[in-house]
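Colleague: Please show me the model. I have some questions about it.

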Amino acid sequence: MHPFKESIRFYARNIESLLLLSAVLVVPFFIIHNFTLNYLNLIAAITGAKFVASFFNLFLLLLFLLILQIPFAQYVQSDLDGDERPIRRAFRTFFEHSFSVFVFGIVFSFLVSTGMMLFMIPGLILMILFYLTPFFVVLRKQSAWRSWRAAMEMGKKHFFQIFGLLLLVSVVEWLISMAGLFLVTSITATFGAVMFIELLLNVIVLPFFAVMFMMYVNKWKDEAARAEAAVAGGLLLDER
């Protein structure tokens, strides 16, 4: 089945567990991101350094996104492997590997944000090449520093597919955010209401995007394994 369709089926079938993970893990990161960003925007308004606020907004967004994809990727993998306690495994993997992804994410987010702010294209290329690192952390059960090379190889091989998926994610999230913001502001313009709707949308949408990427990574991994097996089989026949 196509990974996108399978992602929809998987999300619908496991929505309670995915939303539980999201409520426990996404909410704290979202609150930290918003309050940090509001503080930086205040400083930027006073000092006029709007570039700095935009940089740190993108930096934190990328950093938190890398970290938060770990538990959802592990939940998908655990379910595919037939694990009877996928939620428990998802939390365990998150706490085991979040620090290495956090440290890797600082470097990744800084380089991507710098590239985006200054030249756009280099930052976009870096993001696509290394975006799958958290998923390989789950697959390989190793730290981000031992997984980024495999992520880069897959990123190079499926560069345009990953770009298309990231573009789809960005457009869909922007449309949902605009729709939610329009609905809220048509009723009230209070900061709390706007923040609550943004939080709710992130809690609902982010797990699906992580599930979708994990489905694609598994598909690409299986295709690579079959290709290698075919090549190995061909070599054996040639030797005979």
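Modeller: Start with Asn-34, which touches Met-195 and Glu-198, leaving aside residues up to four places away in sequence; contact means heavy atoms within 4.5 Å. This is a predicted model in which local features need pLDDT of at least 70, side-chain atom pairs count only at pLDDT 80 or more, and totals for chains, interfaces and linings use all residues. Residues are numbered from 1 along each chain as its sequence is written, and side-chain values use heavy atoms, with hydrogens and water left out.

Colleague: Is Asn-34 buried or exposed?

Modeller: Buried means under 20% relative accessible area, exposed over 50%, and partly exposed in between (1.4 Å probe, protein chains only). Asn-34 has 10% relative accessibility, so the residue counts as buried.

Colleague: In which helix is confidence lowest?

Modeller: pLDDT is the predictor's confidence in each residue, from 0 to 100. Helices are DSSP runs (H or I, at least four residues), numbered from the N terminus. The mean is highest, at 95, in helix H6 (residues 133–140), and lowest, at 80, in helix H9 (residues 191–239).

Colleague: Which helix gives the largest share of the largest nonpolar core?

Modeller: A nonpolar core is a set of buried Ala, Val, Leu, Ile, Met, Phe, Trp, Tyr and Cys residues joined through side-chain atoms within 4.5 Å. The largest one has 66 residues, and Met-212 and Phe-213 are among those with the most contacts inside it. The largest share of this core, 16 residues, comes from H9.

Colleague: Which residues does Met-212 touch?

Modeller: Residues up to four places away in sequence are again not counted. The contacts of Met-212 are then Phe-4, Ser-7, Leu-165 and Val-169.

Note on methods. Helix = DSSP H or I, 4+ residues; strand = E, 2+ residues; numbered from the N terminus.
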